[in-house]
Amino acid sequence: ALNERVQLATGDIVRSTIASNVNNPNVNMTGWIKENSASQIFDQEGVSLQDVNNRLQAGRVYFSQFGAKSIEQVAGFDCTSIFQMAMYACAQAKKQLCINVPGTYKVNADGAKSSLIAAVTLDSTYSGLTVVGEGDVVIKAIGSNDDFFSMFKLTDTKNIQFHNITFDGNGTKYFGSSNVNQFENGFSAIYIRSNSDNAVDDVLFYNCKFKNTAESAVTSYGSGGTALPHYFSNNIKFLLCDFENIGTHGIGANEFKNSAVSLCDFKNVGMKRLVDITGSGLAVDMSGGCEDSSVSLCNVDGAGGGFKAETHTYSSGTVDQAAKRITFSNNTIKNLWKNGRYPDEDFSIFYGIRLNAIECKAVGNTIESYSHAIWFSGKAIDCSAVDNKIRKTELANTDGIFFENSADTYGGNSAYLNVVKNCTRNGINLQGNRNTAVGNKVSKNSIGGIHVNYARNASVKDNEC
């Protein structure tokens, strides 16, 4: 009979697809199918798993083949589960997922704000995945306030690439008390958090756009809020990407190794005030645990600050997680926020580049800063600023290059061959231990050229003032 079910000698359950089926399915499967046949498993759009498998075998796979619809095609259509399914299928089949219909694709996740919540999570089963957008493709966070922490979370996946995709966090409004302003909706576009050292490895974002995220567009561990241990992620790269209208950092990287940000544009980054007015956001923060990484050939036009490499302190001040060997080179930084993005806000960053780590470099950058243009902070060790062009600072009593006073266990920092002018205090303010200023050209600064104060074992020579 039609739809009659029979258990085979193998234990499999089969179902008859025709009436009056006289074939013995143990011998002849004509007119019978297995109950778990891929051809009988359908998604919400009526596409069978067998159809998907066939398409995977055929070559490049299109997102529309999984039943995906943009919100322009079907208002409110939610692609969250389809992204999860399509990405998994393509990774398993080693095929490229192409979002071939231009438009806006919705992602969402239920639950209260939490670092554990993401619309789509990519683990080891997604390794090898490449997602490519054709035309103007936008993945947009749509939901109620704080529905999810991130749009995509990478936990222990390798060899992942995103090309030509816009990630829109949909953050548009401010709310909260007088000293805490935040966006509504999704917090971050990408959350990278390895479950063990180098569990996330070889990730590329190429020609992607990130916009309207309430927190950092790309984030990892927080500076001190996430309990140790923190695990490293390796070889994370951003090439030819744009970041615009970002609440905190464009890229908030902690525990990244061998990573690079190159040829990226940052505009209107650091648009919100953090708790207790501790500051706004930077274009790129390569701090706590970042090693052997670089930011180069980028343009920052409107931000709470430019770049930073910093040692973070954990466990109530007992554990230092240092950034090491980070290089910021050939970048342009300008239009840092003055008294905040909005008239009633005062941010406390607005420096060009801050070096507060070990063996980090600022090389060949052009900086128009509001506060110090290049700042060697109190935990900087063997850092250097070379061949930078500092065109101005604006905040009263700020220096082109500021060596902060520090304990004798820190220092050994140097400024070579920089051109520094139009600063509101000194061209170079040298404090601390074992610091050096050699071969710099310093002019047109309000108070002095090179000021040496609270310095020990300093070297100042061959400068032009």
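**Two odd loop residues and a run of parallel strands**

Me: At 40% relative accessibility, how does Leu-263 count in this predicted model: buried, exposed or partly exposed?

Reply: Exposed would need over 50% and buried would need under 20%. Leu-263 comes out at 40% relative accessibility, so the label for Leu-263 is partly exposed.

Me: Where does Leu-263 sit, and what is its phi?

Reply: Look at the loop between strand E21 (260-262) and strand E22 (265-269), and you'll find Leu-263 there. Leu-263 isn't a glycine, yet its phi is positive, at about 55°.

Me: And Asn-457, is that one buried or exposed?

Reply: Find the loop between strand E43 (448-456) and strand E44 (459-461); that's where Asn-457 lies. Asn-457 is another non-glycine with a positive phi, near 55°. The cut-off for exposed is over 50%. Asn-457 has a relative accessible area of 62%, so Asn-457 is exposed.

Me: Which strands does E14 join through five bridges?

Reply: Start with E14 itself, residues 201-206. Five bridges link E14 to strand E11 (residues 158-163), running parallel. Five bridges also link E14, again in parallel, to strand E17 (residues 233-239). The strands you're after are E11 and E17.

Me: Which residue in E14 is the bridge partner of His-163?

Reply: E11 covers residues 158-163, so His-163 belongs to that strand, and E14 covers 201-206. The bridge partner of His-163 in E14 is Tyr-206.

Me: Which residue in E17 stands opposite Asp-201?

Reply: E17 spans residues 233-239 and runs parallel to E14. Within E17, the residue opposite Asp-201 is Asn-234.

Note on methods. Residues numbered from 1 in each chain as written. Predicted model: local features only at pLDDT ≥ 70, side-chain atom pairs only at ≥ 80, totals over all residues. Heavy atoms only, no water. Helix = DSSP H or I, 4+ residues; strand = E, 2+ residues; numbered from the N terminus. Buried < 20%, exposed > 50% of the residue type's maximum accessible area, 1.4 Å probe, protein only. Pairing = 2+ DSSP bridges.
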